[in-house]
Amino acid sequence: MIKVVTIDFWNTLYDSSNGVERNALRRHSLLEEMAKFDKKLTDQEFEDALKASWAYFNNIWINEHRTPSTEDTITFLWSYLNLPYEQFSINKVARVFKESLLTYPPKLIDDAVAFLEKYYNKYKFGLISDTGFTPGYLLTELMNRDKVSKYFSAYSYSDETGVSKPNPKAFLTILDKFNCKPNEALHIGDIERTDIEGANSLGMYSIRFDGDSTSTFLKQNKEQSKATHSAKSWKEIIDIFEINY
């Protein structure tokens with residue numbers, strides 16, 4: 001008997017749309033601060049610096065099972081660009097990198113709300129997300145705006161728990177709140193290495209969501225998933241629940 005359903009944020013509940021617009025806003029904020037030091041930045045230099053920042057982030061995320069703060073990543077970016085250290089400027093750029101999500105938000109994935117509405121009275125819902133440039137409290141703020149936070153009773157954000165998936169704490173933060181055993185819970189997420197392996201290692205049921213074309217992780221996932229189920233849409237997930245749960 002399933003009591004709790006946990007759901008990933010990026011590329012599962014929400015897509016990655018408007019990323020180009022978010023990055024343009026971030027670049028503008030960086031250029032403004034660089035101008036104080038009489039420094040300029042080409043589009044290619046920004047792309048290279050952004051890639052280097054994500055490489056820095058991913059190394060920690062993958063190998064240490066935690067996510068560096070936005071300030072930490074921007075400090076790395078600052079150093080990469082050989083800019084004079086200035087904490088005020090770093091914090092200002094970091095704030096824009098964070099809040100750009102609310103200016104150019106991603107979109108809810110089709111039929112995700114239909115699933116939440118259908119099963120809201122049957123299961124407790126928790127959200128589990130590894131955070132990047134955007135901290136958890138702003139992801140919750142977006143969910144408030146979109147009127148979907150009302151379906152969730154607990155949140156587990158890596159910037160708040162200090163760990164990222166597949167670390168057991170990322171999942172147990174939710175399960176312990178509901179006094180729920182792992183075999184009484186199911187996790188839905190898009191990344192095999194984090195979502196599926198993390199849930200499976202605890203003995204949870206799992207669904208790998210392969211339905212977001214904006215995801216950069218679809219190609220990285222193994223073709224054959226170890227998840228209990230796989231789905232290419234939230235309509236398929238509803239069908240899985242109708243048959244199995």
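Start by selecting Gly-203, which follows helix H9 (192-202) and has a positive phi, near 95°. The model on screen is a predicted one.

**Next to Gly-203: Met-204**

Move on to Met-204, in the loop between H9 and strand S5 (205-209). Is Met-204 buried or exposed? Its relative accessibility is 5%, and because buried means under 20% relative accessible area, Met-204 counts as buried. Show its contacts, leaving out residues up to four places away in sequence: Met-204 touches Thr-6, Phe-171, Leu-175, Pro-182, Ala-185, Leu-186, His-187 and Ala-199. Then draw a distance from the C-alpha atom of Met-204 to that of Asn-183. The two residues are 21 residues apart along the chain, and these atoms are separated by 4.9 Å.

**Back into H9**

Select H9 and colour its buried residues: Glu-192, Thr-194, Asp-195, Ile-196, Gly-198 and Ala-199. Ala-199 is also one of the residues that Met-204 touches. Which elements cover the buried residues of H9? The cover includes strand S1 (4-8), H2, helix H8 (168-177), strand S4 (185-189) and S5.

**The cavity**

Stay with Glu-192, and add Glu-197, Lys-222, Gln-224 and Lys-226 to the selection. Together these residues line the largest cavity, whose volume is about 30 Å³. The structure holds one cavity of 30 Å³ or more. By class, its lining has four charged residues, one polar and no nonpolar.

**The largest pocket**

Now turn to the largest pocket, where about 1200 Å³ of space lies. Its lining is made of 41 residues; to find the centre, select Asn-11, Ser-16, Trp-54, Thr-216 and Phe-217, which are the closest to it. Helix H1 (19-35), helix H2 (43-64) and H9 are the elements that give two or more residues to this lining. Which of them should be selected for the largest share? That share, ten residues, comes from H2. Colouring the pocket lining by class gives 13 nonpolar, 14 polar and 14 charged residues.

**Along H1**

Select H1 next and put a distance between its end C-alpha atoms. They are 24 Å apart, which agrees with the 24 Å that its 17 residues should span at 1.5 Å a residue.

Colour the buried residues of H1: Arg-22, Arg-26, Ser-29, Leu-30, Glu-33 and Met-34. Turn the view to look down the helix axis. The buried residues fall within an arc of 135°, so they line one face of H1. An α-helix has 3.6 residues a turn, so residues three or four places apart point the same way.

On the other side of H1, select Val-20 and Ala-35, which are exposed. Then return to the buried residues and show what they pack against: H2, helix H3 (70-80) and helix H4 (87-103). H2 therefore appears at two stops, as a partner of the buried residues of H1 and among the elements that cover those of H9.

**Last stop: Glu-141**

Finish at Glu-141, in helix H6 (residues 136-145). How much of Glu-141 is accessible? Its relative accessible area is 33%, so Glu-141 is partly exposed. As a last distance, take Glu-141 to Ser-100, C-alpha to C-alpha: the two are 13 Å apart in space and 41 residues apart in sequence.

Definitions and conventions. Residues numbered from 1 in each chain as written. Predicted model: local features only at pLDDT ≥ 70, side-chain atom pairs only at ≥ 80, totals over all residues. Heavy atoms only, no water. 1 Å grid on protein atoms, 1.4 Å probe; cavity = no way out; pocket = protein on both sides within 12 Å on 5 of 7 lines; lining within 4 Å. Points joined across faces, edges and corners; volume = space filled by probe spheres on them. Helix = DSSP H or I, 4+ residues; strand = E, 2+ residues; numbered from the N terminus. Nonpolar A, V, L, I, M, F, W, Y, C, P; charged D, E, K, R; others polar. Expected span 1.5 Å × (residues − 1). Buried < 20%, exposed > 50% of the residue type's maximum accessible area, 1.4 Å probe, protein only. Arc of directions from axis to C-beta. Contact = heavy atoms within 4.5 Å.
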